[in-house]
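Visitor: I'm new here, and I'd like to know how the labels people put on a structure are earned. Could you walk me through a few?

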Amino acid sequence: MQRTIFTEEHEQFRKMLRDFIEREVAPHREEWDEMGRPPREFFRRLGELGILGIQVPEEFGGGGESGFKFNTIVFEEVARAGVSFGSYTVHACLILPYLLEYATEEQKQRWLPGFADGSIMTAIAMTEPGTGSDLANIATSAKLSEDGKHYIINGAKTFITGGVTADLILTVCRTSPFDPENRRGGLSIIAVPTDTEGFAVGRKLDKIGLHQQDTAELSYTDVKVPVENLLGEEGAGFGYLTHNLPQERLSIALNQVGFAEAAIAHAIAYTKERKVFGKPVASFQNTKFVLAECSAETQAARVYVDHCLELLDRKELTVADAARAKLFCTEVSGRVIDKCLQLHGGYGYITEYPIARLYADTRVTRIYGGTSEVMKTIISKDLGL
């Protein structure tokens with residue numbers, strides 16, 4: 001189906017990115033899988049090409065783009081090539097809105113140039129061992145020092161994407177005692193440099209998929225951070241997190257549509273080549289019907305997220321509509337990739353085939369960024385239920 005959301009400038013960027021992936025990323029896929037993340041120099045290379053700073057204002061060394069369409073092209077080309085940009089999505093798509101919206105001018109001067117050129121990689125630490133989707137239950141504490149010049153942070157975080165790579169971690173802390181009458185109050189976001197004494201990266205978690213995205217446990221033991229690293233206002237953290245959810249969840253939806261499209265392309269290529277009973281698998285009616293179903297579902301998802309992308313760029317995408325997009329697209333990609341793997345037969349379960357990696361990588365998307373059950377809760381509230 002014809003798409004109308006991209007300009008010639010977008011398509012030129014796509015060509016540059018596709019060439020870059022072919023030359024400098026695809027040849028290292030297995031090596032980076034084993035490492036568990038791309039090498040640190042890779043992010044500097046993304047910075048050189050302007051990929052990390054697409055939406056960073058020009059005065060801080062970025063591209064100054066206000067829209068999200070260039071980021072979307074990154075998702076699509078990475079999925080198409082079956083590679084990974086490590087923690088790119090967290091850094092460029094999840095963290096940046098917090099810095100643009102809530103950082104002071106001094107903080108922007110301090111962090112954004114390095115953010116754009118890849119010398120400062122970022123992550124966000126929300127989830128704790130006892131706190132998943134229920135962010136109001138966060139226990140990591142940040143108390144003012146006696147002189148009032150520092151926060152002293154204690155606690156633990158887990159499932160932190162980019163936690164090993166990051167130089168600066170936006171840490172969600174409780175800056176006032178837990179109040180059962182106002183569970184969402186008292187949370188703040190504090191930027192913690194990872195070279196601060198008392199901060200430590202614990203286990204790098206071994207996952208089913210997403211092997212090039214480092215995911216880690218973090219610990220904070222009397223971590224002393226200047227009060228100047230508070231992002232926005234003290235106690236307003238929960239509202240900040242909620243404000244950024246539409247873009248975060250749409251990012252996941254966009255990624256998954258790209259994954260589903262890639263799965264269909266792999267299945268078509270494989271079934272045309274593979275023969276059973278002397279005939280290509282693609283010649284059987286079942287194969288044609290399965291791929292037709294997959295194409296119809298994926299096209300519907302693509303049209304939906306393209307519309308959501310337009311709404312996001314107009315700052316009109318609601319929390320509920322982003323939840324609908326995430327729920328629908330992650331469920332569609334799960335079904336489509338499963339069907340495409342089935343068409344590969346036993347080879348679909350072998351990791352040297354791209355479909356196997358897609359299958360493993362996509363499962364977590366119904367969990368992170370808010371589980372499918374949380375999405376359904378948000379949508380039902382929007383329906384007045």
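Guide: Sure, let's take some labels one by one, bearing in mind that this is a predicted model.

Visitor: Let's start with charge. Which residues form the negative surface patch?

Guide: That patch is made by Glu30, Glu31, Glu34 and Glu352. It gets called negative because Glu counts as negative.

Visitor: Where does glutamate 352 sit, and why is it called exposed?

Guide: Glutamate 352 is in the loop between helix H9 (319-343) and helix H10 (354-362). Its relative accessibility is 60%, and exposed means over 50%, so glutamate 352 earns the word.

Visitor: Now the cysteines. How many disulfides does a search of the whole structure find?

Guide: The search comes back with 0 disulfides. Take cysteine 93: the nearest cysteine sulfur belongs to cysteine 329 and is 16 Å away. A disulfide needs the two sulfur atoms within 2.5 Å, so cysteine 93 is in no disulfide.

Visitor: And how do you know that cysteine 294 is in no disulfide?

Guide: Same kind of check. For cysteine 294, the nearest cysteine sulfur is that of cysteine 340, at 4.3 Å. The cut-off is 2.5 Å, so this pair doesn't count as a disulfide either.

Visitor: Are those two, cysteine 93 and cysteine 294, buried or exposed?

Guide: Cysteine 93 has a relative accessible area of 0%, and cysteine 294 also has 0%. Buried means under 20%, so cysteine 93 is buried and cysteine 294 is buried.

Visitor: What makes phenylalanine 277 exposed?

Guide: Phenylalanine 277 has 77% relative accessibility. The bar for exposed is over 50%, so the label fits. You'll find phenylalanine 277 in the loop between strand E9 (275-276) and strand E10 (279-280). Its phi is positive, about 55 degrees, although it is not a glycine.

Visitor: What about lysine 315: where is it found, and why does it count as exposed?

Guide: Lysine 315 is in the loop between helix H8 (285-313) and H9. At 76% relative accessibility, with exposed meaning over 50%, lysine 315 counts as exposed. Lysine 315 isn't a glycine, yet its phi is positive, about 60 degrees.

Visitor: One last label. Why is phenylalanine 199 called buried?

Guide: Phenylalanine 199, in strand E6 (residues 199-204), has 10% relative accessibility. Buried means under 20%, so phenylalanine 199 counts as buried. Its C-alpha atom is separated by 9.9 Å from that of glycine 155, a residue 44 residues apart from it along the chain.

Technical notes. Residues numbered from 1 in each chain as written. Predicted model: local features only at pLDDT ≥ 70, side-chain atom pairs only at ≥ 80, totals over all residues. Heavy atoms only, no water. Patch = residues over 30% accessible without salt bridge, like charges linked within 9 Å, V, L, I, M, F, W, Y side chains within 5 Å. Areas by Shrake-Rupley, 256 points an atom, 1.4 Å probe, with all protein chains shown as cover. Salt bridge = Lys/Arg side-chain N within 4 Å of Asp/Glu carboxyl O. Charge placed at Lys NZ, Arg CZ, Asp CG, Glu CD. Helix = DSSP H or I, 4+ residues; strand = E, 2+ residues; numbered from the N terminus. Buried < 20%, exposed > 50% of the residue type's maximum accessible area, 1.4 Å probe, protein only.
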